[in-house]
Amino acid sequence: MLSAQIDAWTLQFRSCFSRQASFKWFVLALWGMFLRVEGKGLTSVIRCLGLGDPDYRGLLHFFHSKAFSAQKLCVAWRLIVLKSAPLLRLHDKPLFVVDGIKVGKSGRKMPAVKLLHQESEDNSKPEYLMGHYWGALSVLAVGAGLAVAIPLRFQLQDGVKRSPSEKATLVDKMATLVTDLLDGCVGYVIGDRYFASRKMLVPLLSKGLHFIGACRRNTVAYL
């Protein structure tokens, strides 16, 4: 029953691919990630499905294919989730959550890996780490009586420049991610005070989205 439902959802991504072969690789990679018991990249997918050398190279080429775009896949996934998931709503509107996530990486020469500062007040975290900075957008749903976040898109937002002249800040990039993916949606975006700035609020309001979060305290006053 569950596999039949996953197949039905997977077929809804077909229009995102310009080639049938690329879509078949997508389905293969998807099931490999569902079924694998270890998280060691593509090799864990190959071992899980019992594939060979040629298939490994085929999967590598798939992730660099121009037959699809991540943006279209994420838009299709958003439509599936908003239609099928038991969403948590406020005034009958969905609740979206944004945040930045820092993931440590051992390979210092990996693309987009850089020295990142941890603003968290948690003493168990190091002040600096080498890693990736991801911008994340999720939607809240209800499951087993709890509110759970269903990821809609993750995007590398630091360490990569789309052009030499790019000067967009992390807040700018998050605002672009949200407004592009939620174009046409009406709802509430929840974030911490880091995102409570004009650069975030104005683009959201222009798309019919509202922001819920603590106010920034970035002024200094003297007696």
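This report describes the aromatic pairs, the cysteines and a nonpolar surface patch of a predicted model.

**Aromatic pairs**

The ring-pair count for the structure comes to nine. One of these pairs is formed by F17 and F26, whose ring centres lie 5.1 Å apart with 45° between the planes, a tilted arrangement. The geometry is classed as tilted because the angle is neither under 30 degrees, as stacking would need, nor over 60, as edge-to-face would need. Both partners have low accessibility: F17 counts as buried at 5% relative accessibility, and F26 counts as buried at 10%.

A second example is the pair of W31 and F34, which is edge-to-face, with 5.8 Å from centre to centre and 90° between the planes. Both residues belong to helix α2, which covers residues 20-35. W31 and F34 are three residues apart there, or about one turn of the helix. W31 is partly exposed, with a relative accessible area of 21%. F34 is likewise partly exposed, at 46% relative accessibility.

The geometry of these two pairs is set out below.

| Pair | Centre to centre | Angle between planes | Class |
|---|---|---|---|
| F17 and F26 | 5.1 Å | 45° | tilted |
| W31 and F34 | 5.8 Å | 90° | edge-to-face |

Ring pairs also link residues into a cluster, which consists of F13, F17, F23, F26, F62, F63 and F68. The tilted partners F17 and F26 are thus both among the cluster members.

**Cysteines**

How many disulfides does a search of the whole structure find? The search finds zero. C185 is in no disulfide, and the nearest cysteine sulfur, that of C74, is 13 Å away. A disulfide requires the two sulfur atoms to lie within 2.5 Å, so the distance of 13 Å between C185 and C74 rules out such a bond in this model. C185 is buried, with a relative accessible area of 10%. C48, in turn, is partly exposed, with a relative accessible area of 32%.

**Nonpolar surface patch**

On the surface, I101, V103 and F154 form a nonpolar patch. Together these residues have about 220 Å² of accessible area. F154 is found in strand β5, which spans residues 146-156. Is F154 buried, partly exposed or exposed? F154 is partly exposed, with a relative accessible area of 41%. That value satisfies the accessibility condition for a patch residue, because membership needs over 30% relative accessible area.

Notes. Residues numbered from 1 in each chain as written. Predicted model: local features only at pLDDT ≥ 70, side-chain atom pairs only at ≥ 80, totals over all residues. Heavy atoms only, no water. Buried < 20%, exposed > 50% of the residue type's maximum accessible area, 1.4 Å probe, protein only. Patch = residues over 30% accessible without salt bridge, like charges linked within 9 Å, V, L, I, M, F, W, Y side chains within 5 Å. Areas by Shrake-Rupley, 256 points an atom, 1.4 Å probe, with all protein chains shown as cover. Salt bridge = Lys/Arg side-chain N within 4 Å of Asp/Glu carboxyl O. Helix = DSSP H or I, 4+ residues; strand = E, 2+ residues; numbered from the N terminus. Phe/Tyr/Trp six-rings, centres within 6.5 Å; stacked < 30°, edge-to-face > 60°.
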